[in-house]
Amino acid sequence: MKVLVVGGAGYIGSHAVLELIKKQHEVIVFDNLTSGFEDMVSEQATLIIGDIRDKSALDAVFKEHNDIDVVMHFAAKIVVPESVEKPLEYYSNNVEGVRVLLESMQEHNIKNIVFSSTAAVYGEASGVCFEDDPTQPINPYGETKLATERMIKWVTQAYGMKYLIFRYFNVAGADQSLKVGLKKDQLTHLIPVAIQALIGLREKLLIYGDDYDTEDGTCVRDYIHVSDLAYAHVLGATYLKDGGQSTTINLGSNQGYSVLDVAKTVQKIGDMTYEITERRPGDPAKLIASNEKAKKLLHWEPKYGLEDIVNSDFEFRKTLKK
Ligand SMILES: NC(=O)c1ccc[n+]([C@@H]2O[C@H](COP(=O)([O-])OP(=O)(O)OC[C@H]3O[C@@H](n4cnc5c(N)ncnc54)[C@H](O)[C@@H]3O)[C@@H](O)[C@H]2O)c1
């Protein structure tokens with residue numbers, strides 16, 4: 001298969017590139033490097049630097065590579081508080097960017113798109129989420145992802161194209177090679193933040209609330225290893241290319257771990273201090289993915305558990321410290 005990975009220099013996209021290459025697929029990466037890194041793009045992929053809102057740049061890619069089987073889209077801005085402060089930037093990048101991408105795909109007869117969406121589209125839902133549950137995002141980031149999901153559905157239907165929308169839950173960890181991982185200046189996700197507290201890059205881990213309606217009172221989430229997630233994209237692209245129907249699929253582990261479970265898993269590696277503080281607004285008590293659909297349609301199953309995720313992020317973060 002020949003795959004264009006838009007946003008392939010970022011955290012999740014670079015892992016998808018690795019999984020595609022492991023399976024001998026041909027990969028082109030298109031990325032503007034705003035939050036991605038050139039050195040995270042496998043040497044076996046072709047990197048084109050550009051912005052997806054630049055239609056002429058995309059047209060040039062599709063003109064040269066008119067045999068692309070599937071486009072994977074990871075090129076979003078993803079910081080929730082920033083999306084509240086600068087919603088126009090989020091609509092421009094996340095929604096307008098995909099509109100231009102779809103327009104260029106349609107004009108060049110490129111038929112299949114795999115789109116990265118998020119559990120944020122379920123809003124404040126609590127418990128196990130199924131793909132046909134109501135969607136009600138509570139911030140501009142989630143809104144832009146849902147608006148894009150809807151646009152993709154209308155556009156693919158109108159022009160005889162197909163989509164696979166993946167809604168990710170809490171993605172963490174790093175590829176075994178440790179060449180790629182989450183390397184942002186300001187980390188907000190629980191596992192890397194806890195690892196930073198472990199390796200002395202921050203004083204302690206703050207746990208927001210221990211009075212939720214869960215077993216130990218802290219929030220419960222579904223964690224998925226980024227390599228498992230990336231591999232699901234290879235299966236998803238193959239599914240579309242082989243004639244599978246357009247659909248939306250959750251990617252998670254079907255298992256919930258509390259914030260304290262995560263903290264204790266990190267403490268198995270070494271000393272890490274945490275402090276319980278006030279709840280944050282908008283944190284649902286429990287968010288778990290039903291992954292039955294992914295298992296059934298893609299024959300996908302996560303290989304890695306919480307300890308693997310934590311350990312791989314720890315190993316990756318050690319490489320950054322040097
Ligand atoms: N990280 C998570 O936990 C998570 C959870 C749910 C969903 N997602 C989704 O997964 C996708 C990838 O997230 P990530 O964590 O890898 O983010 P990331 O910021 O690491 O990667 C995004 C990549 O896209 C590139 N990019 C952004 N805007 C672009 C544009 N206009 N033109 C070209 N390139 C552009 C960036 O330079 C970067 O390389 C996003 O769509 C996000 O909504 C991520």
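In this predicted model, the domain assignment divides the chain into domain 1, residues 2–169 + 224–251, and domain 2, residues 190–222 + 253–321. Their centres, taken over C-alpha atoms, are separated by 25 Å. The contact between the two draws on 23 residues of domain 1 and 21 residues of domain 2.

On the domain 1 side of this contact, at least two residues each come from strand E6, strand E11 (223–225), helix H7 (226–241) and strand E12 (247–251). Helix H7 gives the most to this side, with six residues. By class, the side of domain 1 that touches domain 2 has 13 nonpolar, seven polar and three charged residues.

Strand E6 also belongs to a sheet. This sheet is open, has four strands in the order E6-E15-E10-E13, and its pairing is mixed. The edge strands are E6 (127–129) and E13 (257–258), each of which pairs on one side only. Strand E10 (residues 220–221) and strand E15 (residues 286–289) run parallel and are joined by two bridges. In one of the pairings, Arg 221 has Leu 287 of E15 as its bridge partner.

Next come two helices. Two packed helices are described by the angle between their axes and the distance between the axes. Helix H2 (residues 55–64) packs against helix H4 (residues 87–107) at an angle of about 35°, and their axes are 9 Å apart. The crossing of H2 past H4 is right-handed. From H2, the contact takes Lys 55, Leu 58, Asp 59 and Phe 62; from H4, it takes Val 100, Leu 101, Glu 103, Ser 104 and Met 105. Sorted by class, the contact of H2 with H4 consists of five nonpolar, one polar and three charged residues.

Helix H4 also takes part in the surroundings of the ligand. Helix H1 (11–22), H4 and strand E5 (112–118) each supply at least two residues of the shell around the ligand. H1 gives the most, with three residues. There are 26 residues around the ligand, and those that come nearest are Gly 7, Gly 10, Gly 36, Ala 75 and Ala 76.

The table sets out the classes of residue in the three groups described here.

| Group | Nonpolar | Polar | Charged |
|---|---|---|---|
| Contact of H2 with H4 | five residues | one residue | three residues |
| Shell around the ligand | 11 residues | 11 residues | four residues |
| Side of domain 1 that touches domain 2 | 13 residues | seven residues | three residues |

Technical notes
Residues are numbered from 1 along each chain as its sequence is written. This is a predicted model: local features need pLDDT of at least 70, side-chain atom pairs count only at pLDDT 80 or more; totals for chains, interfaces and linings use all residues. Two strands pair if DSSP finds at least two bridges between them. Axes are lines fitted to C-alpha atoms, for helices over the stretch in contact, and angles run from 0 to 180 degrees between N-to-C directions. A crossing is left-handed if the near helix is turned anticlockwise from the far one by less than a right angle, and right-handed if clockwise. Two residues are in contact if their C-beta atoms, placed from the backbone, lie within 7 Å. Ala, Val, Leu, Ile, Met, Phe, Trp, Tyr, Cys and Pro count as nonpolar, Asp, Glu, Lys and Arg as charged, and the others, Gly among them, as polar. A residue is near a molecule or strand if its C-beta atom, placed from the backbone, lies within 6 Å of it. Domain bounds come from an automatic or database domain assignment.
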